[in-house]
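User: I'd like a close look at one part of this complex, and I'm happy with a long answer. Here is what I'm looking at.

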Amino acid sequence: MTALLTLPVALPLAAAALSVVVGRWRTAQRAVGLMTLTTLLGTSVALLVAVDRDGPEATQVGGWPAPFGITLVADRLAAAMLVVSMVMLLAVLVYAIGQGGEERRHVGFHPVYLALTAGVAAAFLTGDLFNLFVSFEVMLTSSYVLLTLGARADQVRSGMTYVVISLVASALFLTALGLTYAAAGTVNIADLAVRLGDVPVGVRQALVLLLLVVFGIKAAIFPLFFWLPDSYPTAPTAITAVFAGLLTKVGIYAIVRSQTALLPPGDRPEALLLAIAAATMLVGVLGAIAQNDVKRILSFHIVSQIGYMVMGLGLFTVAGVAGAVYYILHHIIVKTTLFLTGGLVERWAGTGHLDRLGGLVGTAPVIAVLFLLPALSLAGIPPLSGFVAKLALVEAGLDQGWWLIVTVSLVVSLLTLFSMTKIWTGAFWGEPEPAADTQPPLPVGMLAPTAALVALSLAVALFAGPVYGFAERAAVDLLDASVYQRTVLGP
Amino acid sequence: MTVVLAAAAAALFGCGTYLLLQRQLTRVIIGLALLAHGANLLIVLSAGSRGEPTFIGSGAAEDFLDPLPQAFVLTAIVITFGVTAFLLALAYRSWVLTHDDEVQDDIEDRLVARRTAAEDVEDALAAAAEADRAVRELADSDASATEPAGHRAALGHETPR
């Protein structure tokens, strides 16, 4: 069990070092990257199966007992997030290799990509707020490099915004850590949940809200989302897909973890989170409607979709949190696929601008299908996975009698559909643009991973019953913090 | 001692925030460094108020300072150092590309500003046309009162707009 928990963090770091060493040979670098991610996928699936069968697992790295040492812990949510991210990282790596571009031009791509993997895995598995900070930094520093790999003027401009806003969040995170340690004398999440009970209510709530701000910047919730639509679209497609699918979701994961594990049921900020959720959904989708470029539209939709996840969490019921978990799993796959398809469109037509696109249904029907399925899923059209996710959230909301948030979520769904129709009519219908006929065929390396992710999202919809059942078990674990505490601190 | 350090942390946070809001990239970077220093100082303070060392000598556990925050701070300093180096490289790259140390305008903001400016111009033109028409009508009514009809037609004829 210790090996299963430490491997997702240790292996990609070692592989990143190896990848630097063999930097001269591109084939060797590719082999290292692909083999590492495949191994990690296997490891995380094994971890998921073990955790779902036996309950959460924990290990103390270095052998120091729980509140002092480095704790790695996997419950159902962490294991599931790990599996989905590994699938997605592997698919995007294959896509990036197929696409050429940055992967071919820069020797640093593979090592940094593997370091990003390590950071993401560590963020999911860590049982300790300070190590969460370190994993965030590993992940973010890698993302700074990936975002600015080309060092073009627009990348430097948007990279600057992204780096500065992330660093402000990091400084706030450090402040929160200092204050938490001063108040409770520990940063181990499980231990903190126990000791925060003795801290005055006001201090406790202030600390948890400060953490909400920190993770909120990373997750791009309202009103801290402004940096995202600016910085994501300038990166190379494969990189944007990883950022869109994964980085904000790590922030959401941290919000879910901190809000459920650190606060007892009576203290949880339900109304606040639901208000944030509604504002995030609305602002994101309205921003998307105003845009005219495929990548920018999709970037605003990330913000809007984050709102749904926060909504599920804000209900703080098993049904709500289960809906949020299902939504996160569905969203990582669908959003990544949409960005990869956006990359296919750009590759095929030479632009992502809707004014200069048209008639792709006739000239590139494969891209049309690969776009249509995840786009309809994002909008929540039955029987796709987005429908199941939204249905779960709406039902959970109605159970609790939060009519307003349910109405907002349905309206936003409709607007999402409108915005997806805009891409569809702009890029896929209409008269083909003149240059579109003379394009070379799309590389299989780009098509295959996109198609695989579309198939996976269909599978999530097809096996909605078992997946939702799993999400419910994960939600029960999350809402009853004592399970997590027992796992880390012992009985 | 704690009060002095707390005040120092507060000053660092204040100066850092002020510098962060400037338009020059170098000032932004220094601001971020100051913010990180403030946070680090805060973590050191969270260990307790006494100045005893953490591991030197022997004695009861209560005589030593809590070592964990110092480990945190060491890690945080290293991370801040690395990221600041990256940020400086990025700022240098920005300077090479634009020959300017200022944070560049947001493209969307510029589009919005241009659209607003265009609307202002349109509004001004519309207002001018309106005023023009009003003057002409006034002239017309004056003309109809005092001038013969032929002159009135000529007056109407010479307005191109």
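Let's take chain B: how many helices and how many strands does its secondary structure come to? Please carry on from there to the side of chain B that touches chain A, and then to what goes on in chain A itself.

Analyst: Keep in mind that this is a predicted model. Chain B comes to 5 helices and 0 strands, so if you read along its sequence you get the pattern α-α-α-α-α, going by the DSSP runs. Chain B has 161 residues, and 20% of them count as buried. As for how the chain folds back on itself, take the contacts in chain B with a separation of 6 or more: residues 24 or more positions apart account for 49% of those.

Now for the side that touches chain A. Here 26 residues of chain B are in contact with 23 residues of chain A. Two helices of chain B, α2 (25-45) and α3 (68-98), each supply at least two residues of that side. The largest share comes from α3(B), with 14 residues. Sorted by class, the side of chain B that touches chain A has 17 nonpolar residues, along with 7 polar and 2 charged ones.

Over in chain A, let's begin with helix α1, which covers residues 2-21 and has Thr2(A) in it. Thr2(A) counts as exposed because it has 12 C-beta neighbours inside 10 Å, and 12 or fewer is the cut-off for that label. If you want a sense of distance, the C-alpha atoms of Thr2(A) and Leu360(A) are separated by 50 Å, with their positions 358 residues apart along the chain.

Helix α1(A) also pairs up with α2(A), residues 26-54: their axes come within 9 Å and cross at roughly 175°. That angle makes the two helices roughly antiparallel, because anything over 145 degrees gets that description. The residues that meet include Leu4(A), Leu7(A), Leu11(A) and Leu18(A) from α1(A), and Val32(A), Leu40(A), Leu47(A) and Ala50(A) among those from α2(A). Pro8(A) and Pro12(A) are also part of the α1(A) side. By class, this contact between α1(A) and α2(A) divides into 12 nonpolar and 7 polar residues, with no charged ones.

One more helix in chain A: α5(A), residues 109-125, has 17 residues. From first C-alpha to last it reaches 24 Å, close to the 24 Å expected at 1.5 Å a residue. As 17 of its 17 residues are buried, α5(A) is largely enclosed by the rest of the structure.

Note on methods. Residues are numbered from 1 along each chain as its sequence is written. Chains are lettered from A and ligands numbered from 1 in the order in which they are written. This is a predicted model: local features need pLDDT of at least 70, side-chain atom pairs count only at pLDDT 80 or more; totals for chains, interfaces and linings use all residues. Two residues are in contact if their C-beta atoms, placed from the backbone, lie within 7 Å. Helices (H or I, at least four residues) and strands (E, at least two) are DSSP runs, numbered from the N terminus. Ala, Val, Leu, Ile, Met, Phe, Trp, Tyr, Cys and Pro count as nonpolar, Asp, Glu, Lys and Arg as charged, and the others, Gly among them, as polar. The expected span of a helix is 1.5 Å times one less than its number of residues. Axes are lines fitted to C-alpha atoms, for helices over the stretch in contact, and angles run from 0 to 180 degrees between N-to-C directions. Angles under 35 degrees count as roughly parallel, over 145 as roughly antiparallel, 65 to 115 as roughly perpendicular and the rest as oblique.
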